[in-house]
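Hi,

Here is the structure I promised to pass on. Have a look at it first, then read my notes below.

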Amino acid sequence: MPYGSRLAAMMTRRVGRECVYTPSARLALYLALRRWCRPGGRVLMSPVNDDVILFVVLAAGLRPVQAPVSRWDGNIDPDAVPDSTWREIDAVLTTNLYGLPDRVVELRRRCDALGIPLIEDAAHAIGTHVDGQPIGTFGTAAAFSLSKHVAATAGGFLAVEDARTRRELERLRDDLLTPRRLRADLTVTLRPLARSAVRSLHLVRPVWRTMQRLGLMERDDFRMALHTSRLTASARRAPSLAAYEPWVRVDLHGFRARHGALVRGQLELRMALLDGDLARRRDGVSRLAGTTWASPALRERTAHDGPPALFRVPLLVHDRDTLVDRLVDRGVVTGYIYDPPLDDYAGAEFVEPSPDPSAARWFAGHVLPADPLLARGIAAALTRERVTPAHPPLTPRAGETDAAPTPPAPLGQ
């Protein structure tokens, strides 16, 4: 039997497409980019995205093209992408940021007209639907992540359209997997239990502060250090996952390690709990969508279709960075902040900048991704902190800080 076939079958039943099991979504995404994009190709993507995804695209030997985004959800705004850009790209990569869907119907229509693949990054979007159709079934392929749901810390899938392609990708995956190690399997299995214990014992603040003081975290800020000279050297070896591994592995060192039966068995148990997890997320989203800080995109979707099962709820607040630090003292650690946008972070050497970066800069600088499973506590903390909701300028003007801040130098220079 192919590696991870039982987990793949569980995901196939959920999304209705052939699925390949992978140790992580980032490996699944790399498989898709290598399968459908030729080295040197140009991939349209949102600049409000995990820096790890940027490095996956670079590892595949591709040029990331940063798209204008919606000011309300950070996803690609197809209507704002210039016609000249559409004519020059070779693929589109969605984000479905925090579980709010990209405009996948429009993106699929444009990709079909251009004869290029639409690749869905559905890591945040298990349980997200558009017009009754699950995210992950609109594109040529879709990468999913288990580490974002059901308290798992590993596991991913690549959903594709047919069994022949699945078998081809299984062979490519097997060539990229590194050998299983018992110690690593034990770490993956025990880490969710440790996290649960920290939270239930109200130790989030002391544990987090201790890790900060001891320098135990791989990121000193929202973005990892770029290490420009090393990154430039790695580009000469692309496409190569090994050349970019120092960046792609950040926060998940076992992203391509073969999982043993212990890890796969635990993930099967956790997948069986996924529907309950999604139901609890909808309850939390319903609570946060009614607050003054909720993104209008979330309010509109909730009013139209009911509360979605988001991975994180995008709240828009003033003085976000200070608030993030203050929330730690209330036992809430905020992750998944993608600021600055990728074109400001990496610079024109590594990405093609967006023709209109103002919306991405505003959204990335004001969004507070709130865990819907902690909705009650987060709402209470924001109320006690007297947090002011943020609203973008209706008409950005030259010199407005919210509309167009001076881009920082790439990190690591």
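Right after α1 comes G16, with a positive phi near 80°. Keep in mind that this is a predicted model.

The helix before that glycine, α1 (residues 5–15), has four buried residues to look at: L7, A8, M11 and V15. They sit on the same side of α1, because the arc they cover around the axis is only 100°. That fits the usual helix geometry: with 3.6 residues a turn, residues three or four places apart point the same way. On the other side of α1 you'll find R6 and R13, which are exposed. What do the buried residues of α1 pack against? Their partners are the strands β1 (18–22), β7 (133–134), β8 (141–145) and β9 (156–160), plus the helix α11 (261–271).

Now the sheet. It is an open one of 7 strands, in the order β1-β9-β8-β5-β4-β2-β3, and the pairing is mixed. β1 and β3 (63–66) are the edge strands, each pairing on one side only. On average, neighbouring strands in this sheet are turned by 25° against each other, ignoring direction. If you want a pair to zoom in on, try β2 (residues 42–45) and β3: they run parallel and are joined by 4 bridges. There, R42 stands opposite R63 of β3.

Next, some helix packing. Helix α6 (residues 163–176) lies across β1 and β9, and runs at about 10° to β1. α6 also meets another helix, α2 (residues 25–36): their axes come within 10 Å and cross at roughly 115°. The crossing of α2 past α6 is right-handed. Which residues meet there? From α2 they are L27, Y30, L31, R34, R35 and W36, and from α6 they are T165, E168, L169, L172, R173 and L176.

Y30 turns up once more, this time with a serine. Leaving aside neighbours within four places in sequence, S240 is in contact with Y30 and A59. S240 itself is in the loop between α9 (228–235) and α10 (245–248). Is S240 buried or exposed? With a relative accessible area of 15%, S240 counts as buried, because the cut-off is under 20%. A polar atom of the S240 side chain also lies 3.0 Å from the backbone nitrogen of A243.

That's what I have for now. Shout if anything is unclear.

Cheers

Note on methods: Residues are numbered from 1 along each chain as its sequence is written. This is a predicted model: local features need pLDDT of at least 70, side-chain atom pairs count only at pLDDT 80 or more; totals for chains, interfaces and linings use all residues. Side-chain values use heavy atoms; hydrogens and water are left out. Helices (H or I, at least four residues) and strands (E, at least two) are DSSP runs, numbered from the N terminus. Buried means under 20% relative accessible area, exposed over 50%, partly exposed in between (1.4 Å probe, protein chains only). A polar contact is a pair of N or O atoms within 3.5 Å; within protein, one must be able to donate a hydrogen and the other to accept it, and residues adjacent in sequence count only if both atoms are side-chain atoms. Contact means heavy atoms within 4.5 Å. The arc is that of the directions from the helix axis to the C-beta atoms. Two strands pair if DSSP finds at least two bridges between them. Axes are lines fitted to C-alpha atoms, for helices over the stretch in contact, and angles run from 0 to 180 degrees between N-to-C directions. A crossing is left-handed if the near helix is turned anticlockwise from the far one by less than a right angle, and right-handed if clockwise.
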